[in-house]
Amino acid sequence: MILNNKVRQALTAGNLAHLVTLNKDGSPQVSIVWVGLEGDEIVCAHLNLYKKLKNIQRDARVALSMVTGGKTNELDNYLVINGRARITEGGAPELVNRLAQIYISPGRKYVPDEAPGGYITHITVEHIHGIGPWDE
């Protein structure tokens with residue numbers, strides 16, 4: 001799915017995202033993540049093989065939500081994305097440091113360059129919903 005400019009802005013504005021994966025028993029597992037974009041894929045970095053990554057390796061279905069600021073009528077704007085994720089090895093320190101420019105402050109390095117390669121989650125968007133300019 002091609003992301004429109006309003007969705008791209010929300011995903012790159014430094015809003016914390018809730019990443020939902022599925023545990024073995026089907027129950028949800030929720031983590032707060034920093035997100036960025038690579039083309040039309042949403043990416044987030046992980047320095048270790050956390051439970052959320054093991055869940056994705058077993059079941060690629062994910063959901064991502066974030067409060068984006070602003071209001072539509074009386075309701076706060078929020079974005080929800082359903083998609084499928086895949087995990088790649090390596091590149092996590094570079095992505096974390098790139099996202100730190102947005103989430104912490106420009107010029108900020110959060111992870112040393114020599115940190116282990118970690119993992120990157122790539123989310124392919126299948127459905128977008130929520131309340132905000134993407135719902136028009």
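**Exercise 1. Decide whether Q29 is buried or exposed, and find what surrounds this residue.**

Solution. Step 1: Q29 has a relative accessible area of 16%. Buried means under 20% relative accessible area, exposed over 50%, and partly exposed in between (1.4 Å probe, protein chains only). Q29 is therefore buried.

The model is predicted: local features need pLDDT of at least 70, side-chain atom pairs count only at pLDDT 80 or more, and totals for chains, interfaces and linings use all residues. Residues are numbered from 1 along each chain as its sequence is written, and side-chain values use heavy atoms, with hydrogens and water left out.

Step 2: place the residue. Q29 is part of strand β2. Helices (H or I, at least four residues) and strands (E, at least two) are DSSP runs, numbered from the N terminus.

Step 3: list the neighbours. Leaving aside residues up to four places away in sequence, Q29 touches L19, V20, T21, N23, K51, K52 and N55. Contact means heavy atoms within 4.5 Å.

Step 4: look for a polar contact. The side chains of Q29 and S31 are joined by one of 3.2 Å. The term stands for a pair of N or O atoms within 3.5 Å; within protein, one must be able to donate a hydrogen and the other to accept it, and residues adjacent in sequence count only if both atoms are side-chain atoms.

**Exercise 2. Give the order of the strands in the sheet and name the edge strands.**

Solution. Step 1: the order is β2-β1-β5-β6-β7-β4-β3, which makes seven strands in an open sheet with antiparallel pairing. Two strands pair if DSSP finds at least two bridges between them.

Step 2: β2 (28–33) and β3 (36–38) each pair on one side only, which makes these the edge strands. From one strand to the next, the twist averages 35°. Axes are lines fitted to C-alpha atoms, for helices over the stretch in contact, and angles run from 0 to 180 degrees between N-to-C directions.

Step 3: take one pair. Strands β6 (residues 75–89) and β7 (residues 119–131) run antiparallel and are joined by 12 bridges. In this pair, R84 of β6 is opposite T124 in β7.

**Exercise 3. Which residues of helix α2 are buried, and how are they arranged around the axis?**

Solution. Step 1: the buried residues are K52, L53, N55 and I56.

Step 2: seen down the axis of α2, these residues fall within an arc of 160°, so they line one face of the helix. The arc is that of the directions from the helix axis to the C-beta atoms. An α-helix has 3.6 residues a turn, so residues three or four places apart point the same way.

Step 3: the face turned away from the buried side carries the exposed residues K51 and Q57.

Step 4: find the cover. The buried residues of α2 are covered by elements including β1, β2, β4, β5, β6 and β7. Helix α2 (residues 51–58) runs at about 50° to β1.

**Exercise 4. How many salt bridges does the structure hold? Describe the one between R84 and E126.**

Solution. Step 1: the structure holds six. A salt bridge is a side-chain nitrogen of Lys or Arg within 4 Å of a carboxyl oxygen of Asp or Glu.

Step 2: the closest N and O atoms of R84 and E126 are 3.3 Å apart. The pair links distant parts of the chain, 42 residues apart, with R84 in strand β6 and E126 in strand β7.

Step 3: R84 is partly exposed at 40% relative accessible area, and E126 is partly exposed at 44%.
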